Amino acid sequence: MYKGISSALWVKLLIILQFVLFSAQAFAENHQKLRGMNYKRQLNEFIVVIKQNNTNSLEHTGRDLAKRFKGKYLGKFDVLNAVYLNIPEKNAKKLSESPAVVFVEANLIAEKASVDWGLDRINQRSLPLDGYVGHGAGGAGQTVYVVDSGIRYTHEIFKGDASSFWDYDVSNQGYDCNGHGTLAAGLIKSTVPYAQIKSVKVLNCSGSGTITTIVNGLNYIRSYGIPNSVVYLGVVGGASTTLDTTVSHLKNSGFHIVVPAGNSNINAGNVSPARSPDAITVSAMANEDSRASFSNWGSVIEMIAPGVAVNSAGISSDTDYVTASGTSFAAAYTAAALASFLGNGFTEGYFRSNATYHPGTGLLIPYLITETEPPPTPKVEIDYQLGEAGFIVDWSGRANPMSTNQNVASSYQIQEYEEGVGWSNTIFVGLSTQKEYLSMFPNIYKYKAKACNILGCSNWSYSSSITVTSGLGQCPIGI
Ligand SMILES: [Ca+2]
Ligand SMILES: [Ca+2]
């Protein structure tokens, strides 16, 4: 411990150090001499890494720089050959250009996952980040299965809502000795705080597991899990028909599987379960929506989500937080966003169609349901049985009166179009998601629906048209 440097400061520094180590190759920003300016930071506080060939003592150099750049010397870090200064932000740029300096980095405020940039990003459609990290009643009533290295259940981030569901090593009860599972689960929990997290431990302390172990874990979910739940499967390995087929069976049993694309900058079509058409495969992006250079690529990938320098729960203590990068973490955000849709009665298909387009890659950025806007547009369909003079119109949106999420519809409005007559006034307002139309006169009909709540209404959604040939008062020929 160095004199004059508080332990809190050391914690900050260690977090900064981890931040650099975990994400060094992923950051284009690392080529710049002034860093960290796009992140939340301590105003006017900078870490200045000095070139090793400087012959003066660190403290002497630091005090000299502070004087020249109109600020205050705050301390030194021998481990980094760095000093820590309070100087005006405009001077930090000038200082970073000095030949004696390796780089200058703002003293970033390392935050708990509840205010992670990834959460800030997926609850809005477009950049810039607005600092809003709201999540509504995200994941209410949902269970998310975390198939990974286990979880540190006692971590404060989980608030008692994480537990062991299955463990390949029963004596271990799903406890995480690697950290990967806890980090991913922490991201999920802070994104959808009302969800229950169930650990399915398939990876050991070094973060690896075999196909048979993983298949056993998935098989257990299929047998004993709650259908219509999200399964985050945070593994990547060689192409395996066994694993891909298991994923397909799990999907067919009503589960929604989200997997990482992988971190090797190769075609994800060559690895499992990323290549599975039945899993939502997710690649990673950094702040400002740039694609992570380590992320796998290829046509099997559907989505891209925050996965560079995300901050979440660590395993060193119940208050430990770490910053890390990887497509698994992008998959964790995606799993959470999907849970927010399922929890509000929407389908996986609707979740996909409601995602944000990422122009750089053509992939979709998962969108989290929050309380900041009217409900999403429902999808209207006609369920018609040929030969009958009636049909059922249904819409995919569903209100959840138990949820406090304002994004949920509090009513639906339906209108009917009849050829030769035109659109009716609103003919149905209510909370049901289907309506029967019986004994219709022969004609062509079409329907539109929108979902409303106190914040407004969605856009209208239109059904295809239906032709009724056998209507009221008409008997089929021969009777
Ligand atoms: Ca936001
Ligand atoms: Ca896929």
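**Exercise 1.** In this predicted model, determine how far helix H6 reaches from its first C-alpha to its last, and establish which of its residues are buried and where they lie around the axis.

*Solution.* Begin with the extent of the helix: H6 covers residues 211-224, which makes 14 residues, and its end-to-end C-alpha distance of 20 Å is close to the 20 Å expected at 1.5 Å a residue. Next, consider burial, for which a residue needs 20 or more other C-beta atoms within 10 Å of its own; in H6, Ile214, Gly217, Leu218 and Ile221 are buried. Viewed down the axis of H6, these buried residues fall within an arc of 95 degrees, and therefore they line one face of the helix. The face turned away from that buried side carries Thr212, Ser223 and Tyr224, which are exposed. Finally, identify the packing partners: the buried residues of H6 pack against strands S6 (143-148), S7 (162-167), S8 (196-201) and S9 (230-233), and also against helix H7 (241-252).

**Exercise 2.** Describe the largest nonpolar core, and place Val258 within its surroundings.

*Solution.* The largest nonpolar core has 89 residues, and those with the most contacts inside it are Val146, Ile188, Tyr232, Val258 and Ala335. Its largest share, 12 residues, is contributed by helix H8 (residues 327-343). Turning to Val258, and leaving aside neighbours within four places in sequence, one finds contacts with residues including Val230, Tyr232, Ala279, Ala335 and Leu338. Apart from this core lies another, of 20 residues, among them Phe69, Ala82, Val83 and Leu108.

**Exercise 3.** Work out the strand order of the five-stranded open sheet, and explain why S1 and S3 are each left without a neighbour on one side.

*Solution.* The order is S1-S5-S2-S4-S3, with mixed pairing. Strand S1 (34-35) and strand S3 (72-77) stand at the edges and have a single partner strand each, so one side of each has no neighbour in the sheet. The pairing of S3 with strand S4 (residues 82-86) is antiparallel and extends over five bridges; in S4, Asn86 is the residue opposite Lys72. Helix H3 (residues 89-96) lies across S1, strand S2 (41-50) and strand S5 (101-108), and runs at about 155 degrees to S5.

**Exercise 4.** Decide whether Gly430 is buried or exposed, and find its contacts.

*Solution.* Gly430 lies in strand S23 (residues 428-430). With 11 other C-beta atoms within 10 Å, Gly430 is exposed, since the cut-off for that class is 12 or fewer. Leaving aside neighbours within four places in sequence, Gly430 is in contact with Ser411 and Tyr412; the C-alpha atoms of Gly430 and Tyr412 are separated by 5.4 Å, although the two residues are 18 residues apart along the chain.

Key: Residues are numbered from 1 along each chain as its sequence is written. Chains are lettered from A and ligands numbered from 1 in the order in which they are written. This is a predicted model: local features need pLDDT of at least 70, side-chain atom pairs count only at pLDDT 80 or more; totals for chains, interfaces and linings use all residues. Helices (H or I, at least four residues) and strands (E, at least two) are DSSP runs, numbered from the N terminus. The expected span of a helix is 1.5 Å times one less than its number of residues. The arc is that of the directions from the helix axis to the C-beta atoms. Two residues are in contact if their C-beta atoms, placed from the backbone, lie within 7 Å. A nonpolar core is a set of buried Ala, Val, Leu, Ile, Met, Phe, Trp, Tyr and Cys residues joined through C-beta atoms within 7 Å. Two strands pair if DSSP finds at least two bridges between them. Axes are lines fitted to C-alpha atoms, for helices over the stretch in contact, and angles run from 0 to 180 degrees between N-to-C directions.
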